[in-house]
Amino acid sequence: MERRQRPPDDTLTGQESFPGAFSLGYPVVRGHWDEMVEGDGLLRSHWTTFIKGLSDLPTSEMASRWDRGQRLIRENGVTYNVYRDPRGLDRPWQLDPVPMILPAQEWRVIEQGLIQRVTLLNQILADLYGDRSLLGDGLLPPALVFGHPGFLRPLHNVPQAGGVHLHFYAADLARSPDGQWWVMSDRCEAPSGAGYALENRTIIARSLPDIMRRQPVEPLTPFFQKLRETLFSLSPRHRETPRIVLLTPGPYNESFFEHAYLARFLGYTLVEAEDLTVRDDHVYLKTLDGLQPVDVILRRTDGAYCDPLELRNDSTLGVAGLVQAVRRGTVVVANSLGSGLLESGAMAPFLPVLARRLLNEELKLPSVATWWCGAEKERGYVLANLDRLVIKRAYLGGRTVGEPVFGDQLTTSRQAELAATIGRTPHAFLAQERLRLSTAPVWTAGQLDPRPLMVRVFVAAHDGGYVAMPGGLTRIAAERDGKIVSMQYGGGSKDTWILAEEQNRRAIPIRSSEPPVKLVRGAHDLPSRVADNLYWFGRYVERTEDTTRLLRAALSRVGNAAGFGAAAELPAALRLLNSLCRKPGGKDPEEAVLTIARMSFDPAQMHGLRSTVERVHRMAAMARDRLSLDTWRAVNRLHDELAQVDVSRGTEDLVTMLNGVVLACEALNGLAMENMTRGLAWRFIDIGRRLERGMHVIDILSNSLQPAEDGGSAALDVLLEVSDSAMTYRSRYLSAPQFSPVLDLLLADESNPRSLAYQYAALDHHMEQLAAGRRAAFYGPEQRLTIWLCGAVRTAQIEILARPDDDGERRNLAAFLEVLRAKLWELSETLTREYFTHAVSRSPNGTVPMREPMP
């Protein structure tokens, strides 16, 4: 018998006390299996090494490490959209630093049961979408199948590549007080959580590297490599480099982060339905370079919503004609359309019999006791035992999803109402035994505390069989006595460690079965929707910087931040602010500047600085599979810098805070210029920046056209400061600013990256490169516009434009700037028409669900 060890502190008084970071102890919940501590208070042997490592850490060290871990979560943008949470899409992922640990021997049993189970489920799907012998022989009730909204009739007799319906599968496991693992639910539609499990491992490995090295923890990366090989092999055309895309419902889906993360990790193109089209029964990706054929679709959208032509006609998440393309065999969808049929918990009672029929084996990993109310006998049992069962909807997906109901929490009248509802639509309900879930330690406020848990484990098809991920996504309840373990109910997650068989196991290099790829330069898979998002990302970043510089210039001339000459320069700074907001009437200049600043930081002001930064964050999130991790961190830094701005502080503090915002913008621009490959993604970001900066230059020049005798050098000093061109002017002219040379520097000098001419030249180069990709024989409308704009500023006679009229006005210059503004707006509209597509907005509050939330 393996020798069990006591915790480092062997004081046993109903709880186990650990020194170091966990000096406050660990209370064992009686009547539940605890994953770390046995019933008699002894530490389970496979936890000994980990707890010893934690015990060696001082409390402050553990707190410091986990602060870094949570900072990594924020910087990496790991989010999960809890629809009830006001933070919505920006809610950080909840992770606990203490992993769930399972020994190798126990995992092998679970692994064998999982592989048997997914093999069985795959054969059930093949039968139900094939000859339906299971229905004909009475092994499954027809109402259970034909009444399920996930049973997609158009997919009947549609062959699947290699006979595989389930390419990726997940199961939610729970442990009862006797130590037995039970399957709580099967995830066959589009299982979520594997990407979060991989990110959890990354965060924990960086937070507790020394402790993790002490134990032989099975790695997760080989599993994803095998999944990638499987998807690679599915290509119906057997291309050397098949085009594989990951289909997401969009950024409002609760696990959109995972979709982008997996697409980037696996090297696939992240697409939404509007990025795909079907022509002649073939699926194509709509890119800026034209239509590109798609071979494999890894979908994260419910099957019923994938084709509005043959499935749900109210879906805006699908691709019209996709079912016909699958029927013709020109594209493979993983998992197969219609696999959501098996997510019905009502299938569980029939699995033991089906395992004996299809596999000639006993079911190794049993389901929790389940009764489908569509059967009369089972319904009678459920109605007689409502107070001891958990009532659930039988069908996941569609509009029938509801929260689980715990019978013992209902009043007598509510039980009667529930019984009546079940009696009216019995096939729509099932009941499950209520398990007392096992508990595991959670680190909170410097101590360990038990939480109920479930483990989501993952399996992928590979090489004619299946392989299980040696780990998983452990989810924990929000409270010690939590009844629902769900991320949507405020729960958290854990990394899951599977200990290897041997302590000093040597790493075996992974050999990919994929053939060598041909060398290429430049990607050709940028959807026009993504190009649109990147274009506006560039515009909003530039708008943030321009707005910040304007506010800083004005606030630095107000109150305790004002320096020498501020009084003369303040009116000019206020005039430049007119491009943001019109001057409030009846107020002196200082009060007007402060009022505009408060409005700019007000989230309700759609054109304010805070709203602009929110748009930067949103555009980055919608295109995050195209942005590097460093770029995402820079976006978060910009967001955090603005969040620190407190308008109630003094103007000097406000100016200091705005300096941080400017630096954050410059960091983003520097990453784009120095780290991004000069492909289409970078090009559209830079087009957005150049066009927005050009608009800004025109705006500030237009707002500086005061009469020649009004303002003079003070107004030009402000203009040069806002344009970040003061040093260039002084080194070039060695004199006080004069209007004509300032106008030349900001309007026509192509060597100045802040000038209008520089923006036009850059835009002209971008249009040439885009046209070269299209191989057009003639100039396109966008090229003609940039050629005209470049010619206009290059041939402009600065002395004549700068010369004031008799009354001191500069009407020629004002008219010239208005023409340039109109042409620049025309260029923006032309780019939209020529390169971008705009889909119907899919709000998370709409009638069509994005994807069922991770339970």
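In the predicted model examined here, strand β6 (residues 244-247) is paired with β7 in the parallel sense, the pairing extending over three bridges. Within this pairing, Val 245 has Thr 269 of β7 as its bridge partner. The two strands belong to an open sheet of four strands, arranged in the order β7-β6-β11-β12 with parallel pairing. Because β7 (269-271) and β12 (332-334) each have a single partner strand, they stand at the edges of the sheet, and one side of each is left without a neighbour in it. From one strand to the next, the twist averages 30°.

Helix α9 lies across three strands of this sheet, namely β6, β7 and β11 (296-299), and it runs at about 150° to β7. Nine of the 11 residues of α9 are buried, so the helix is largely enclosed by the rest of the structure. These buried residues are Phe 256, Phe 257, Glu 258, His 259, Ala 260, Tyr 261, Leu 262, Ala 263 and Leu 266. The elements against which the buried residues of α9 pack include the strands β6, β7 and β11, and they also include the helices α6 (194-207), α8 and α17 (609-622). After α9 comes Gly 267, a residue whose phi is positive, near 85°.

The packing of α9 against one of these helices can be described in further detail. Two packed helices are described by the angle between their axes and the distance between the axes. For helix α8 (residues 221-233) and helix α9 (residues 256-266), the angle is about 80° and the axes are 11 Å apart. An angle from 65 to 115 degrees counts as roughly perpendicular, and α8 and α9 are therefore roughly perpendicular to each other. On the side of α8 the contact is made by Thr 221, Phe 224 and Arg 228, and on the side of α9 by Leu 262, Phe 265 and Leu 266. Sorted by class, the residues in this contact of α8 with α9 are four nonpolar, one polar and one charged.

An angle of about 80° is also found between helix α3 (residues 104-128) and helix α11 (residues 351-358), whose axes are 10 Å apart. This angle makes α3 roughly perpendicular to α11. The residues of α3 that make the contact are Arg 117, Leu 120, Leu 121, Gln 123 and Ile 124, while α11 contributes Leu 351, Leu 354, Ala 355 and Leu 358. By class, seven nonpolar residues, one polar residue and one charged residue take part in the contact of α3 with α11.

Another arrangement is seen for helix α14 (residues 528-555) and helix α19 (residues 651-675), whose axes cross at roughly 155° and come within 9 Å. The angle makes α14 roughly antiparallel to α19, and the crossing of the two helices is left-handed. Among the residues of α14 in this contact are Phe 537, Val 541, Glu 542, Arg 549 and Leu 555, and those of α19 include Thr 651, Leu 654, Val 655, Cys 665 and Asn 669. By class, the contact of α14 with α19 has 11 nonpolar, five polar and five charged residues.

Antiparallel pairing is found around strand β20 (residues 473-476), which pairs with strand β18 (residues 447-462) over four bridges. In this pairing, Val 455 has Thr 474 of β20 as its bridge partner. Strand β20 also pairs in the antiparallel sense with strand β21 (residues 492-498), again over four bridges, and here the bridge partner of Leu 473 is Asp 495 in β21. Both faces of β20 are covered, since Leu 473 and Arg 475 on one side and Thr 474 and Ile 476 on the other are all buried.

A further buried residue, Ala 468, lies in strand β19 (residues 465-468). Residues under 20% relative accessible area are taken as buried, and Ala 468, at 9% relative accessibility, therefore counts as buried. When its neighbours within four places in sequence are left aside, Ala 468 is in contact with Trp 107, Glu 111, Phe 223, Phe 458 and Val 459. The C-alpha atoms of Ala 468 and Gln 112 are separated by 8.8 Å, although these two residues are 356 residues apart along the chain.

Definitions and conventions
Residues numbered from 1 in each chain as written. Predicted model: local features only at pLDDT ≥ 70, side-chain atom pairs only at ≥ 80, totals over all residues. Heavy atoms only, no water. Axes fitted to C-alpha atoms, helices over the stretch in contact; angles between N-to-C directions. Parallel < 35°, antiparallel > 145°, perpendicular 65-115°, else oblique. Contact = heavy atoms within 4.5 Å. Nonpolar A, V, L, I, M, F, W, Y, C, P; charged D, E, K, R; others polar. Left-handed = near helix turned anticlockwise from the far one by under 90°. Pairing = 2+ DSSP bridges. Buried < 20%, exposed > 50% of the residue type's maximum accessible area, 1.4 Å probe, protein only.
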